[in-house]
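Q: I am new to this structure. Please take me through one part of it closely, and then show what surrounds the ligand.

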Amino acid sequence: MSAPIQHPLDDPQVDPFEIASQAAAEIAERTGVASHDIALTLGSGWGKAADLIGATTATVQASEIIGFSTPALAGHVGTLRSIELPNGKRALVIGARTHFYEGHGVRRVVHSVRTAAAAGVKTMILTNGAGGIRETWKPGTPVLISDHINLTGASPLEGATFIDLTDLYSSRLREIARSVDPSLDEGVYCQFRGPQYETPAEVQMAKSFGGHIVGMSTALEAIAARQAGMEILGMSLITNLAAGIQKTPLSHAEVLEAGKNAEAVIGDLLARIVVEL
Ligand code: 8IG
């Protein structure tokens, strides 16, 4: 007899969309909310938004829902929250992100996104902490993601699944975000595999490719969100300038510090955007 499968999404025989719909059913049962309208994945620095967008009606440990993994990083919360927005819409806040660099495969990385879609979500807000290539972006600057370059060599799509990625980061939703804060800049997000930060040469490569933001999370999630038919708003908090753009070495502590300092401002910004979507 073979060893028991540790995680349902690691079994290639298992349909990841089936696990996502089971997860959505568990969330509906645990939160008492049959269907959610909007989901938000809150990355580094964005956590405060969960307290500002509306009234939390239920909090669930993600690790108790099928397919979710326990968070790899301190500072990544590991909860799913159901929030009632002031406009009556229901938001599902995903504080539990699985990163590609954890090495558990792309199915686990995008499980939360697929679960959101199965929970009824039509609008997926993906946020992250990231490095900035544009020198005018000071640490603490929130920017809209306008497009991405996926440098991971991976995809959440399996088999001959040809999916159009035009206007992946909805220009309609970016317009709405800019109607809330006209000063919001935007840029192309380059996803590296990580977990090491880039070399300065890699940052120059990303820049020459047309990239403005470097990160380790959002592109794979956005592809899965598009596959699931959701409209996507992507936002990065620039917590540091990318390697070689800033003169000093990058440190995780510096990144966390910049996130902490910006938290209240970007949380408030996101709260004002969410009600307009
Ligand atoms: I926060 O400079 C954060 N995440 N790849 N590069 C990459 N990811 C990041 C960075 C960065 N800062």
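A: Start with the kink. In this predicted model, helix α8 bends by about 55°, with the kink centred on Glu263. Helix α8 covers residues 252–274, which is 23 residues. A straight helix would reach 33 Å at 1.5 Å a residue. The end C-alpha atoms of α8 are only 29 Å apart.

Glu263, at the centre of the kink, is one of the buried residues of α8. Others on that list include Ala262, Ile266, Gly267 and Leu270. An α-helix has 3.6 residues a turn, so residues three or four places apart point the same way.

Val255 links this helix to the ligand. Val255 is among the buried residues of α8, and Val255 is also one of the residues around the ligand.

Now the rest of that shell. Strands β5 (123–132), β8 (213–215) and β9 (231–241) each supply at least two residues. β5 gives the most, with three. Gly129, Ala130 and Gly131 are among the residues around the ligand, as are Val214, Gly215, Thr239 and Asn240. Tyr197, Glu198, Met216 and Leu250 are there too. By class, the shell has six nonpolar, five polar and one charged residues.

Three polar contacts involve nitrogen of the ligand. A polar side-chain atom of Asn240 lies 2.8 Å from a ligand nitrogen. A backbone N or O atom of Gly131 is 3.4 Å from a ligand nitrogen. For a polar backbone atom of Gly129, the distance to a ligand nitrogen is 3.5 Å. Taken alone, the ligand exposes 320 Å², and the protein buries 95% of that.

Technical notes. Residues numbered from 1 in each chain as written. Predicted model: local features only at pLDDT ≥ 70, side-chain atom pairs only at ≥ 80, totals over all residues. Heavy atoms only, no water. Near = heavy atom within 4 Å. Polar contact = N/O pair within 3.5 Å; in protein donor to acceptor, adjacent residues only side chain to side chain. Areas by Shrake-Rupley, 256 points an atom, 1.4 Å probe, with all protein chains shown as cover. Helix = DSSP H or I, 4+ residues; strand = E, 2+ residues; numbered from the N terminus. Nonpolar A, V, L, I, M, F, W, Y, C, P; charged D, E, K, R; others polar. Expected span 1.5 Å × (residues − 1). Bend = angle between axes of the 7 residues up to and from the residue. Buried < 20%, exposed > 50% of the residue type's maximum accessible area, 1.4 Å probe, protein only.
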